[in-house]
Amino acid sequence: MAIILGIESSCDDTSAAIIKDGVILSNFIAGQKVHEEFGGVVPELASRAHQQNIIPVVDTAIKNAGITKNDIDAIAFTRGPGLLGSLLVGTSFAKGFALAQNIPLIEVNHLQGHVLAHFVKENENDTNQPKFPFLCLLVSGGHTEIIVVKTPSEMEVIGKTIDDAAGEAFDKCAKTMRLPYPGGPVIDKLAKKGNEFAFNFNKPKIKELDYSFSGLKTSFLYFLRDRMKENDKFIDENLNDLSASIQHTIIEILLDKLYKAVKQTGIKEIAVAGGVSANSELQKQMTIMAKKHKLNLFIPSFGFTTDNAAMIAIVGYFKYLDKDFVGQDIVPTARFGL
Ligand code: KG4
Ligand code: ZN
């Protein structure tokens, strides 16, 4: 039996979770409203908010799990990738906690966390998990990758963005439409009332399984600038259709390459992960694609799509079983590949 405390602080969410033998006992997340007025995450403000939140967040996670700190067998923390100042808060806390409690310290790659979020069991009878090897479309604010997941520790990136991430495309297009940050969920909501074929945006021509979103973002900006010259209410009058059309294009770009990866690898077990996987239309289109091509599809439940500590704790659990621990000299790293 193993009880793992997971800590996530790579960007603008401070989160702590408790997992017992792979089953979630608690997953507490404190978001940071402070960034909204700036239209994006301000690193200095993020680390300061983590510093304020970390102790109460961990305390709440432990209480919600119905355990005490002395029941915890190991602590796992996000080492990277992310904002260095933010990562330092979680890393320093984890080191101090491991030392004080005399328990093993486990470093976790945030991306591995997103991918393995599918293995967090909601209860002891939860067997709804992908089988290895599976393909994972990781789509977040910082990453867009197609990954062959061979084992919990062995992952191969076979396609990735050469510029912006899909979440960034959502957020930047939302900003162009003067929508609040983060724009992805706002576009998702508005798009439900819009026509996805109202406007047509060109898809990029990128080789192999790689992605590009910066051209789309720029052409969206120029398109709106031109239309606003003719009618300064154009954005407000077409918000739903614009949201539906740009969302449709981003999803088509994502799924074209994912299907190409399915054909290339022959893998029929498919998962999606990361903040953008919360998008309702992406989930719908992936479900249609899976049905059409007889694929086994795994979509994480809502709480495990965006950043959370349960996904860090589950990687911690796998590493705990392998006795894959680190020492007190460990440092966080802003760049950290799979
Ligand atoms: O995984 P995540 O919480 O943080 C990173 O590691 O980046 O992902 C955040 C990203 C943001 O870009 C946000 O706009 C996007 O996920 N996102 C969505 C939705 N919910 C979150 N994008 C589209 N539709 C959504 N419903
Ligand atoms: Zn993330």
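## A zinc site, a bound ligand and some unusual backbone

Helix α8 is followed by Gly266, a residue with a positive phi near 75°. Helices and strands here are DSSP runs numbered from the N terminus, a helix being H or I over at least four residues and a strand E over at least two. This is a predicted model, where local features need pLDDT of at least 70 and side-chain atom pairs count only at pLDDT 80 or more, while totals for chains, interfaces and linings use all residues. Residues are numbered from 1 along each chain as its sequence is written, chains are lettered from A and ligands numbered from 1 in the order in which they are written, and side-chain values use heavy atoms, with hydrogens and water left out.

Back to α8 itself. This helix covers residues 239–265, and its 27 residues should span 39 Å at 1.5 Å a residue. The expected span is 1.5 Å times one less than the number of residues. The end C-alpha atoms of α8 are indeed 39 Å apart, in agreement with that figure. Helix α10 can be checked in the same manner: its 12 residues reach 17 Å from first C-alpha to last, close to the expected 16 Å. As for its surroundings, 9 of the 12 residues of α10 are buried, so this helix is largely enclosed by the rest of the structure. Buried means under 20% relative accessible area, exposed means over 50%, and partly exposed is anything in between, with a 1.4 Å probe and protein chains only. Among the buried residues of α10 are Ala310, Met311, Ile312 and Tyr317, along with Lys319.

Next comes the metal. The zinc ion (ligand 2) is held by His110 and His114, each through NE2, and by Asp307 through OD, at 2.0 to 2.2 Å. Donors are N, O and S atoms within 2.8 Å of the metal (3.2 Å for Na, K and Ca), and as water is not among the atoms, sites may look incomplete. Along the chain, the zinc donors follow the spacing H-x3-H-x192-D. The pair His114 and Asp307 links distant parts of the chain: His114 sits in helix α3 (residues 110–116), while Asp307 is 193 residues away, in the loop between β10 (296–298) and α10 (310–321). Both ends of this link are tucked away, His114 being buried at a relative accessible area of 2% and Asp307 being buried at 15%.

The geometry of the zinc site is irregular, with angles of 93 to 142° among its 4 donor atoms. Four donors count as tetrahedral if all angles lie between 85 and 135 degrees; four count as square planar and six as octahedral if opposite donors are over 155 degrees apart and all others between 65 and 115; anything else is irregular. For comparison, the ideal angle for four tetrahedral donors is 109.5 degrees.

Asp307 turns up again at ligand 1, where one of its backbone N or O atoms lies 3.1 Å from a ligand oxygen. Ligand 1 also has a nitrogen atom 3.0 Å from a polar side-chain atom of Asn279, and an oxygen atom 3.2 Å from a polar backbone atom of Gly184. A polar contact is a pair of N or O atoms within 3.5 Å; within protein, one must be able to donate a hydrogen and the other to accept it, and residues adjacent in sequence count only if both atoms are side-chain atoms. On its own, ligand 1 has 560 Å² of accessible area, and the protein covers 88% of this. Such areas come from the Shrake-Rupley method with a 1.4 Å probe, and for residues only the protein chains shown count as cover. The elements giving two or more residues to the shell around ligand 1 are α3, α4 (166–176) and α5 (183–191).

Finally, the backbone has a few oddities. Most residues other than glycine have a negative phi, and most peptide bonds are trans. The bond from Phe132 to Pro133 is cis, with omega near -5°, and Pro133 lies in the loop between α3 and β6 (134–139). Another cis bond, also with omega near -5°, runs from Tyr181 to Pro182, with Pro182 in the loop between α4 and α5. That loop also holds Arg178, whose phi is positive, near 65°. Arg178 is exposed, with a relative accessible area of 57%. Asp21 has a positive phi too, of about 50°, and is partly exposed at 32%.
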